[in-house]
Amino acid sequence: ICNDLQTLNTWYPGQIHSFAYPYASTGPTTQSILAAGCPGVGQYSGARTVGGLKSATDCPGCPAAESIPPGNPYYIQTHESILSTTTLDQLKTMVIQAETSGGWVTLVFHNVCNGCSSYGVSPATLDAFLTWLQAREANNTIVRTVNQVMTGDTPAPPPPSPGTLGPNQLINPSLELDQNANNQ
């Protein structure tokens with residue numbers, strides 16, 4: 001783990017923050033190595049497995065989203081890997097469940113391609129999902145990296161729109177509405 005982190009830091013200085021367990025294989029020993037960090041090399045801010053969250057086909061009794069912060073930063077739960085058979089509606093459901101329950105969802109994409117792998121999502125499905133997801137900002141759903149969530153480097157959602165401006169650039173140009181409800 002430390003040798004690999006050192007190599008990755010050489011290739012991508014300052015860009016390596018989170019760990020993904022190969023084939024989701026982990027246990028207390030691996031998690032404790034990650035938590036201890038690598039002297040002189042650095043430390044991962046978190047590590048994700050695959051699974052542990054409720055999905056359409058797996059783990060119906062599991063939570064819909066990971067907590068913020070996660071109970072164990074070196075065992076961040078996700079939905080099962082996104083497959084070529086994962087539909088746009090299933091991707092949307094994962095996000096809507098997290099919006100309803102609170103928390104965050106880490107989605108595991110392996111490939112973006114047309115038919116190259118059973119672990120590949122089509123570019124069209126991914127594009128449609130990202131377009132849909134962008135509109136979810138109105139629900140305070142924001143897209144962030146694992147590191148941004150783990151370090152708290154997540155900007156606040158944009159403030160609500162103040163309303164439509166009138167022709168003179170005032171929201172209530174004739175002042176007939178009591179905007180602050182103080183009867184004045």
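## Disulfides

Cys 38 is buried in this predicted model. Its relative accessible area is 7%, which falls under the 20% cut-off for a buried residue. Cys 38 forms a disulfide with Cys 2, and the two sulfur atoms are 2.1 Å apart. That distance is within the 2.5 Å limit, so the pair counts as a disulfide. Cys 2 has a relative accessibility of 25% and counts as partly exposed. The bond therefore joins a partly exposed cysteine, Cys 2, to a buried one, Cys 38.

The link connects distant parts of the chain. Cys 2 belongs to helix 1, which covers residues 2–11. Cys 38 sits in the loop between helix 2 (28–36) and strand 2 (46–52). In sequence, Cys 2 and Cys 38 are 36 residues apart. The torsion about their S-S bond is about -85°, so this disulfide is left-handed.

The count comes to 2 disulfides. Cys 113 and Cys 116 form a disulfide as well, with sulfur atoms 1.7 Å apart. Here the S-S torsion is about -65°, so the bond between Cys 113 and Cys 116 is left-handed. Cys 113 is buried, at 13% relative accessible area. In general terms, a disulfide is a covalent bond between the sulfur atoms of two cysteines.

## Sheet

Three strands build an open sheet. Their order is 1-2-3, and the pairing is parallel. Strand 1 and strand 3 are the edge strands, since each pairs on one side only. On average, neighbouring strands of the sheet are turned by 35° against each other, direction ignored.

Strand 1 covers residues 18–20, strand 2 covers 46–52, and strand 3 covers 76–78. Strand 1 pairs with strand 2 in the parallel sense over 3 bridges. Ala 20 has its bridge partner in strand 2, and that partner is Arg 48.

## Backbone details in the loops

Which peptide bond is cis, with omega near -10°? The bond from Ile 68 to Pro 69. Pro 69 lies in the loop between strand 2 and strand 3.

Two residues other than glycine have a positive phi: Ala 24 and Asn 140. For Ala 24, phi is about 60°. Ala 24 is in the loop between strand 1 and helix 2. At 24% relative accessibility, Ala 24 counts as partly exposed. For Asn 140, phi is near 65°. Asn 140 is found in the loop between helix 4 (123–135) and helix 5 (146–151).

Thr 141 lies in the loop between helix 4 and helix 5 too. Is Thr 141 buried or exposed? Its relative accessible area is 14%, so Thr 141 is buried. Thr 141 and Gly 103 are 38 residues apart in sequence. In space, their C-alpha atoms are 10.0 Å apart.

## Largest pocket

The largest pocket holds about 810 Å³ of space. Its lining has 27 residues. Those closest to the centre are Val 105, Thr 106, Ile 142, Val 143 and Arg 144.

Three helices each supply at least two lining residues: helix 3 (88–101), helix 4 and helix 5. Helix 4 gives the largest share, with 4 residues. By class, the lining divides into 16 nonpolar, 8 polar and 3 charged residues.

## Second largest pocket

What volume does the second largest pocket have? About 260 Å³. The pocket is lined by 15 residues. Closest to its centre are Ser 55, Thr 57, Thr 86, Gln 90 and Met 94.

The class counts for this lining are 3 nonpolar, 9 polar and 3 charged residues. In the largest pocket, by contrast, the counts are 16 nonpolar, 8 polar and 3 charged.

Key: Residues numbered from 1 in each chain as written. Predicted model: local features only at pLDDT ≥ 70, side-chain atom pairs only at ≥ 80, totals over all residues. Heavy atoms only, no water. Buried < 20%, exposed > 50% of the residue type's maximum accessible area, 1.4 Å probe, protein only. 1 Å grid on protein atoms, 1.4 Å probe; cavity = no way out; pocket = protein on both sides within 12 Å on 5 of 7 lines; lining within 4 Å. Points joined across faces, edges and corners; volume = space filled by probe spheres on them. Nonpolar A, V, L, I, M, F, W, Y, C, P; charged D, E, K, R; others polar. Pairing = 2+ DSSP bridges. Axes fitted to C-alpha atoms, helices over the stretch in contact; angles between N-to-C directions.
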